[in-house]
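Visitor: I would like to learn how to read a few features of a model with care, beginning with its helices. Could you take me through them one at a time?

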Amino acid sequence: MQFSDPEFRTIAALLYEAVGLAYNDSKKALVHARLYPRILKLGLHGFADYIALLEDEAQAAEFQMAVDLLTTNETYFFREPKHYELLEQELAAYRSQTAVSIWSAASSFGDEAYSTAMLMSDLQAMGKIGPDWSILATDISHRVLLSAKEAVYPEDRLRAVSPERLRRYCLRGEGPSQGQVLLQDKLRSRVQFGRLNLCKPFDGLGPFDIIFLRNVLIYFDPPTKSAVVDRVLATLKPGGLFFLGTAEGRVPCQTPITTVIPGAFRKRA
């Protein structure tokens, strides 16, 4: 199926305008490979027909499908464990009854949010924090949010979860569900999921004590990265912790932050 340069640039422009995804000419083959099977499944004649769908405001669900196909959501529980070690140290300094509010701002399939909920539940059981803690998990993808709410994962995704936590918070599948893990309701109920486009202005969120914004900025160009980081940091309390993916480095932003460890920063007062 032919995929002309103008067609590629039209799709790239639509994605950038709507959700901030930046695709330069080197990504043309990737876009073709990700969207081609979808075009065949829909019975369309080519990319021009698919572009017409994406430009049709009545086809918002298909646009969301394109976003899902073009973004990678690889993740697993307790990814970058040094961040969770720092978070545990940070929370140990809180008074036991102080409310704690956490935002997983690019939550993908929920691995990060539920990992954090496991840690918070453990700390509450040990009396290190009180019961008044909350986790908000947001993502742009409706598909991954639906999956996150179901909270069913392949066992391998929980490979970094301790046996004790697996016993406390998980149910192993049997029969046709063998190899899968379901998170218990007592954990799922502590995480609230919602759809949010970080590239658009938003209000009514926060203030948060801790924010995770890990492994999503790779999809954005430098100006969008900076704008997203400042927008997110505006909801973080002074002195709060801010996490990026370790490999992402420090993103230039107007908000004053201090590096704590690789990928972890503190918002200055």
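Guide: A helix has an expected span, which is 1.5 Å times one less than its number of residues. Please keep in mind throughout that this is a predicted model.

Visitor: How does the span of helix 2 turn out, and what should it be?

Guide: Helix 2 runs over residues 28–42 and has 15 residues, so at 1.5 Å a residue it should span 21 Å, and its end C-alpha atoms are indeed 21 Å apart, in agreement with that value. Helix 2 nevertheless has a kink of about 35 degrees at Leu35, shortly before the proline Pro37, and the residue that follows the helix, Gly43, has a positive phi, near 75 degrees.

Visitor: Which residues of helix 2 are buried, and what covers them?

Guide: The general idea is that an α-helix has 3.6 residues a turn, so residues three or four places apart point the same way. In helix 2 the buried residues include Val31, Leu35, Arg38 and Ile39, and the elements that cover the buried residues of this helix include helix 1 (5–19), helix 3 (47–55) and helix 4 (60–70).

Visitor: Within helix 4, is Glu62 buried or exposed?

Guide: The cut-off for buried is under 20% relative accessible area, and Glu62, which lies in helix 4, is buried because its value is 7%. Leaving aside neighbours within four places in sequence, Glu62 is in contact with Arg38, Leu42, Tyr50, Leu53 and Leu54; of these, Tyr50 is twelve residues away in sequence, with a C-alpha to C-alpha separation of 9.3 Å.

Visitor: How should I read a pair of packed helices, and at what angle do helix 5 and helix 6 pack?

Guide: One takes the angle, the axis separation and the handedness together, and then turns to the residues that meet. Helix 5 (residues 81–92) and helix 6 (residues 111–125) pack at about 35 degrees with their axes 11 Å apart, and their crossing is right-handed. From helix 5, Tyr84, Leu87, Glu88 and Leu91 meet Glu112, Ser115, Thr116, Leu119, Met120 and Leu123 of helix 6, a contact that by class has six nonpolar, two polar and two charged residues.

Visitor: Turning to a strand, is Gln192 buried or exposed, and which residues does Gln192 touch?

Guide: Exposed means over 50% relative accessible area, and Gln192, in strand 6 (residues 191–195), is exposed because its value is 56%. Not counting residues up to four places away in sequence, Gln192 touches Ile135, Leu136 and Ala137, and although Ala137 is 55 residues away along the chain, the two C-alpha atoms are separated by 6.1 Å.

Technical notes:
Residues numbered from 1 in each chain as written. Predicted model: local features only at pLDDT ≥ 70, side-chain atom pairs only at ≥ 80, totals over all residues. Heavy atoms only, no water. Helix = DSSP H or I, 4+ residues; strand = E, 2+ residues; numbered from the N terminus. Buried < 20%, exposed > 50% of the residue type's maximum accessible area, 1.4 Å probe, protein only. Contact = heavy atoms within 4.5 Å. Bend = angle between axes of the 7 residues up to and from the residue. Axes fitted to C-alpha atoms, helices over the stretch in contact; angles between N-to-C directions. Left-handed = near helix turned anticlockwise from the far one by under 90°. Nonpolar A, V, L, I, M, F, W, Y, C, P; charged D, E, K, R; others polar.
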